[in-house]
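Work through the exercises below with the sequence and the coordinates at hand. Try each task before reading its solution.

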Amino acid sequence: MKIGILYKDFNLLQNWELRIINELINNSSYSISLIITESRNVSRKERIFQFLKAKNKFTKIIFLLQSLVEKKVYPHKISVNKEIIEGHLIQIDAINLYADRNEFGDIFSENGSEKIKTYDLDLIIKLGSDFIQGEILNSTKHGIWGLYHADSNVIREGPVGFWEILQNQPVIGVTLYKLTEEPEVGAVIDKGFYNRHWSFIQSRNIVWENSVNLLFKNINYLNTYNYITYKQTEACPKQTNSVPDLKWFLKYLLFFYRRSLKKIVKGLLIKFGLRPEGWAILSSKGNILTSDLSGCELIKPNKNHFWADPFTFKYKNENHLFFKNYSYKTQKGKITTGVLENNKISMVKDVLVRDYHLSYPFIVQENDDIFMIPEAGQNMRLEIYKSTEFPLKWELYSTGFEGVSLVDTTVYTDSNNDVWLFTNKGTPPLNDFGSELYIYKIDSLKLNKIIPHKKNPVIIDCRYGRNAGPIYKDGDKIIRPSQNIINETYGYGINLSIIKKLTIDEYEEELITTIKPDFKKGLIATHHLCQTEEGFVIDGSYKYL
C-alpha cells in the first residue's frame, strides 16, 4: 500500500505518532510515498495573544500546573528512535501545503489536492487532532484516516481522558474514522475501549499508545481484503467543553488526590503485613450459569499471600487445583497445587517457581501427556511445561513468541481438531494487557507452526478482551470466559460469551452474561472462572482478607 503522512511539525509529534511512522517504515507491506506538512504554524506572539483573549485563563493556568504534576508522576517517554525515523523521512518526497482556517478546521486548496493525486496514494494518515476540509479529502483511493481519542458517541472535545473521569464513564473509547466534509468526526471505521486511570494524563497515555494497534488492525484488514466498511457517527448526547471551568476542575483535583492518597495508604498496609484487596479462591458444585453464587465456599490463602487464577484438573479420581500463589514480600507469583475436595483444599505444595512472576496455570491434556501453560510474561516468551510426575514435577517442553510479553494464554481444540491459541499481548511502552485479544492457529503444543488470525487483534475492548479461564462446552455452546475490566478496576467482573464463529478469517462471540462482584459480602472484584462437569472455581478480590 502507498501511504501518505500528514502532520504540521515533526518535532511536535507524540510518541504514539512516531510509533505509527516507525511501523510504516519497518513493515514491508507498506510504503510511505509522501510526507504532507501544513504551513499554518502559529507564532509564539499570536499564541500569547490568543491566551490573553481567552476565557477561563485562571483555570487554564491551574490546569497546566496539574498537568505538569501528573506528567512527573506518570512520565511518557519516546520509545522509538526519533533520529532514525527522521533520517528515513528526509528521503521521502514531501510537499508543504497552506491551509486556511475556519471554526471547524483547516481547509486545503484545490491546487494542493491535485499535487497529492499525482502520487496515486491508497491512503493518507493524519496525525494531530485538527479537522480537515476541502478537496484533499478525495485525493486518495481510500481517503484520509484519523484517530479521535474518545468514543465519538460519548465525548466531543476536551482534554483526552478528562471528561470520562469526571462523568464516571466505565471506559475510555478511541474512534478511528475517515474524514468527511462534516465538521465533526466523519465516517467511523472502528472503535477501541480501554480502562481509565484516575489520572487524566495517564489515561491519555493509555489511549494514545493503544490506539496505534487499532489503526494498524484496520490498515492490515484493508491491505488484505481491499475494502473497509464505514458507519456514520451517532449524535453525541452530552457536549463537553474543550477546557473545563473552575468548578469542574476543582472537582477533578479532589478526585485525583483522594484516589492517589488511597493508593499510598494501600501500599503502606501491604508493607506492614496487611492484605487490602487480596485475592482468594471460591469453589462450588454445579454450573455457574444456574448456581446461587452466594453459596460459594471461600478458600482462604496463607498469610502474606493471595491466591488467584484457579484451574482444576481431574487425575485418578482426584480433583487437583492449580493456582497463582502471590507473595507480597517477593512481589512475584509462583504456581501452587493442592487437592480439592468438598470445596476445601489439602496437600498444598509449590510446583513451579522461577525468578520471574508466574500466574494463570492453564492445564491441558494432549493424548496421554499433561501440559501447563503458565503466564510468564515477565520472561518475554510463551512457556509450555510437560508433567513428568503429576502433579508435582514439570519440565520445559516448548517455547514461542520470543521477545514478546504474553499473558493468560488459553488453548482450545475445536470439533475439527484444529488447535487455537487465545492470548493477550502487551505492546510497549505501556504494555496494557487488558484490552486486546489475539488468536493463533497452532500445529500442536510444540509450536512448530503458528498462524496469526487475519483480524488480530480480534477484540480491542477492555470489557471483553482479556481471557478469564479455559474455554468450555455447555451443551452445544462453546463458552469463553473473559474479564470485564472497567472503572479503574483490574478484573472487575467475568463475562461469559458464546463463540459463534472461529476460523482463520473470522471470529465472533456473543455475550451471555456478566458476573459482577456482588454475590459475597466484602467482594470487590472477580476475574477468573474454571468450569468443569462437576463444579467450578472462581477467584475474588476482597477489601480485606
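Partly exposed means a relative accessible area between the two cut-offs: buried is under 20%, exposed is over 50%. The model is predicted.

**Exercise 1. A salt bridge within a helix**

Task: Classify Lys117 by its relative accessibility, then find which residue of helix 5 forms a salt bridge with Lys117.

Solution:
- Step 1. Lys117 has 33% relative accessibility, so Lys117 counts as partly exposed.
- Step 2. Glu114 is at 39% and therefore also counts as partly exposed.
- Step 3. Glu114 forms a salt bridge with Lys117; the closest N and O atoms are 3.5 Å apart. The cut-off for such a pair is 4 Å.
- Step 4. Place the pair. Both residues lie in helix 5, residues 110–117. They are 3 residues apart, about one turn of the helix.

**Exercise 2. Salt bridges beyond the helix**

Task: How many salt bridges does the structure hold? Then compare the surroundings of Glu509 and Glu508, two residues that each form one.

Solution:
- Step 1. The total is 21 salt bridges.
- Step 2. The side chain of Glu509 meets that of Arg480 in a salt bridge, at 2.9 Å from N to O.
- Step 3. Glu509 belongs to strand 30 (residues 507–515) and Arg480 to strand 28 (residues 477–486), so this pair ties together parts that are 29 residues apart in sequence.
- Step 4. Check burial. Glu509 and Arg480 are both buried.
- Step 5. Turn to Glu508. Its salt-bridge partner is Lys501, with closest N and O atoms 3.9 Å apart.
- Step 6. Glu508 is partly exposed, at a relative accessible area of 36%. Lys501 is partly exposed as well, at 37%.
- Step 7. Look for shared partners. Glu114, Lys117 and Glu135 are joined into one network by such salt bridges.

**Exercise 3. An open sheet**

Task: In what order do the 4 strands of the open sheet that includes strand 28 stand, and which are the edge strands?

Solution:
- Step 1. The order is 27-28-29-30, and the pairing is antiparallel.
- Step 2. Strand 27 (472–474) and strand 30 are the edges; each pairs on one side only.
- Step 3. On average, neighbouring strands of this sheet are turned by 45° against each other, direction ignored.
- Step 4. Inspect one pair. Strands 27 and 28 run antiparallel and are joined by 3 bridges. Here Tyr472 stands opposite Ile479 of strand 28.

**Exercise 4. Strand 10 and its neighbours**

Task: Is strand 10 largely enclosed or largely open, and which strands does it bridge to?

Solution:
- Step 1. Strand 10 spans residues 187–195. Of its 9 residues, 8 are buried, so the strand is largely enclosed by the rest of the structure.
- Step 2. Strand 9 (residues 171–178) runs antiparallel to strand 10, with 8 bridges joining them.
- Step 3. Strand 11 (residues 231–232) is also antiparallel to strand 10, with 2 bridges between them.
- Step 4. Follow Val188 to both sides. Tyr177 stands opposite Val188. In strand 11, the bridge partner of Val188 is Lys231.
- Step 5. Now take Lys191, which is placed in strand 10. Its side chain makes a polar contact of 2.7 Å with that of Asp151.
- Step 6. Leave out residues up to four places away in sequence. Lys191 then touches Asp151, Ser152, Asn153, Val174, Thr175, Leu214 and Ile460.

How values were computed:
Residues are numbered from 1 along each chain as its sequence is written. This is a predicted model: local features need pLDDT of at least 70, side-chain atom pairs count only at pLDDT 80 or more; totals for chains, interfaces and linings use all residues. Side-chain values use heavy atoms; hydrogens and water are left out. Buried means under 20% relative accessible area, exposed over 50%, partly exposed in between (1.4 Å probe, protein chains only). Two strands pair if DSSP finds at least two bridges between them. Axes are lines fitted to C-alpha atoms, for helices over the stretch in contact, and angles run from 0 to 180 degrees between N-to-C directions. A polar contact is a pair of N or O atoms within 3.5 Å; within protein, one must be able to donate a hydrogen and the other to accept it, and residues adjacent in sequence count only if both atoms are side-chain atoms. Contact means heavy atoms within 4.5 Å.
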